[in-house]
Amino acid sequence: MKITARELNRATLSRQLLSAREPLTVLDGMRRVVALQAQHPASPYVALWNRLAGFAPAELDDAFSRRSVVKATLMRITLHAVHTDDYQVFRAAMQPTLYGSRLGHRFAATGLRPADAETLVPELLAFAGRPRSAAEMQAWVEERLGAERRDGAWWGLRAYAPLHHAPAGAPWSFGVRPSFVAAGTGPAPTGRAVEPEALRALILRYLAGFGPASVADVAQFAMVQRAPVRDALRALEGAVEQLQGPDGVVVFDLAGACRPSADLPAPPRLMAMWDGVLLAYADRSRVIPPAYRPLVIRNNGDVLPTLLVDGYVAGVWRPVEGGIEATAFHPLPPAVWDGLAAEARSLTALLADREPEVYSRYRHWWTKLPEAEVRLLPKLL
């Protein structure tokens, strides 16, 4: 069976709740979308506003405070918000990547070995049995290892140890200065070995939320090696089926999964900074036209808040005095501008009680954009 590039795009939109806002609770929505990038505290809120009908930010606040949704270092060694039921298996699937990236050169430069980390982690988690600030965690490391080892050791341990970010209050549950608390999900995994069952579980969840996808896409999403991904997909024969994607690339999907047609309508959206649909694939042309990729994914890894038009990135947005400033990289018809204006009215209402000028620290990127059409989209009347 063949699937076109546009059909892949529509499958992503449907599974990521971007073809229509769904009347789901925050917890059900989190399970559907699998994981939300959370480098910026506001982004999970903006992401769910894009996806859930009648989204109430206080519901996500409550989920974070109850730890039914948790924020932690997971896929691609970046911060994600996930349903608490997914955390442990995602963390186990990431174990080899976290081991290799966080107990490698910088950690070793302190004179510590991976075995030292395995000894320190249980003690660190005991200390983080209640929320601790980063300064408290660094002081704990310094007390045991000395000031000269503190920074390198903490850099490794804060991602390698199973720690959640602890909610720290307004406006978005988390601030720019993180606090940490032990995940409390049982004994921490150790070593660099792949846990096949955990990786298979992660792949099934990924395909449910982002499929169909290639081996390269799965590896990109989790930042794991392609060989274990191939092995896991072979072991999932029967639960997973193969399709022929664009240019003959093999893509995988859940057996019998619903895949919408290429003509599925795609309403305009104002996507969060670092929204996961922009980063979840090796082939990012599924959502980002190649010419626009360097404009929205900057050379330091910042991923700008984007305009999604007909399912594809068409520009960027930022709050300014008077509303939302939208920059379109190509001409848009009047009906699309009307749709974006309606989205802007809803978004400014969401931001008004939280952080009206969200993402303002990234405004320097706008001076580096090419000449384009810029419009001020009005606030809620």
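A residue is counted as buried when its relative accessible area is under 20%, as exposed when that area is over 50%, and as partly exposed in between. By this criterion, in what is a predicted model, the buried residues of helix α1, which covers residues 5–15, are Leu8, Asn9, Arg10, Ala11, Thr12, Leu13 and Arg15. These buried residues of α1 pack against two helices, α2 (26–33) and α11 (196–210), and also against the strands β8 (250–254), β10 (306–309) and β11 (312–320). The helix is followed by Leu17, whose phi is positive, near 60°.

One of the buried residues of α1, Arg15, takes part in a salt bridge with Asp253, in which the closest N and O atoms are 2.7 Å apart. Because Arg15 belongs to helix α1 and Asp253 to strand β8, this pair ties together parts of the chain that are 238 residues apart in sequence. Both partners, Arg15 and Asp253, are buried.

With respect to overall architecture, the protein chain contains 15 helices and 13 strands. For 381 residues, a compact globule would be expected to have a radius of gyration near 21 Å, and the value for the protein chain, 21 Å, agrees with that expectation. The C-alpha trace spans about 65 × 50 × 35 Å along its principal axes. Buried residues make up 54% of the 381 residues, and the chain exposes about 16000 Å², of which carbon and sulfur atoms supply 52%. Among contacts between residues at least 6 apart in sequence, 69% join residues that are at least 24 apart.

In soluble globular proteins, nonpolar side chains tend to be buried together. In the present model, the largest nonpolar core has 68 residues, and the residues with the most contacts inside this core are Val26, Phe55, Leu60, Leu270, Trp317, Leu340 and Leu347. Helix α15, which covers residues 334–352, supplies the largest share of this core, namely eight residues. When residues up to four places away in sequence are not counted, Leu347 touches Val46, Trp49, Leu270, Trp317 and Ile324. Apart from this core lies another, of 60 residues, which includes Ala35, Ala182, Ile203 and Ala232.

Among the strands, an open sheet of three has the order β4-β6-β5, and its pairing is antiparallel. Strands β4 (132–133) and β5 (163–165) stand at the edges, each with a single partner strand, so that one side of each is left without a neighbour in the sheet. The antiparallel pairing of β5 with strand β6, which covers residues 179–182, extends over three bridges, and within β6 the bridge partner of His164 is Val181. Arg132 forms a salt bridge with Glu136, the closest N and O atoms being 3.9 Å apart. The two partners differ in their burial class, because Arg132, at 14% relative accessibility, counts as buried, whereas Glu136, at 30% relative accessibility, counts as partly exposed.

Side chains of opposite charge can pair when their charged atoms come close. The structure holds 23 salt bridges, and one of them joins the side chains of Arg234 and Asp231, with an N to O distance of 2.3 Å. These two residues are three residues apart in helix α13 and are therefore separated by about one helical turn. An α-helix has 3.6 residues a turn, so residues three or four places apart point the same way. Arg234 is exposed, with a relative accessible area of 55%, while Asp231 is partly exposed, with a relative accessible area of 43%. Elsewhere, salt bridges that share partners join Arg15, Glu241, Asp253 and Arg259 into one network.

Helix α13, which covers residues 226–235, also contains Ala235. At 47% relative accessibility, Ala235 counts as partly exposed. Although Ala235 and Asp247 are twelve residues apart in sequence, their C-alpha atoms are 25 Å apart in space.

Note on methods: Residues numbered from 1 in each chain as written. Predicted model: local features only at pLDDT ≥ 70, side-chain atom pairs only at ≥ 80, totals over all residues. Heavy atoms only, no water. Pairing = 2+ DSSP bridges. Helix = DSSP H or I, 4+ residues; strand = E, 2+ residues; numbered from the N terminus. Buried < 20%, exposed > 50% of the residue type's maximum accessible area, 1.4 Å probe, protein only. Contact = heavy atoms within 4.5 Å. Core = buried A, V, L, I, M, F, W, Y, C linked by side-chain atoms within 4.5 Å. Rg over C-alpha atoms; globule rule 2.2 N^0.38 Å. Areas by Shrake-Rupley, 256 points an atom, 1.4 Å probe, with all protein chains shown as cover. Salt bridge = Lys/Arg side-chain N within 4 Å of Asp/Glu carboxyl O.
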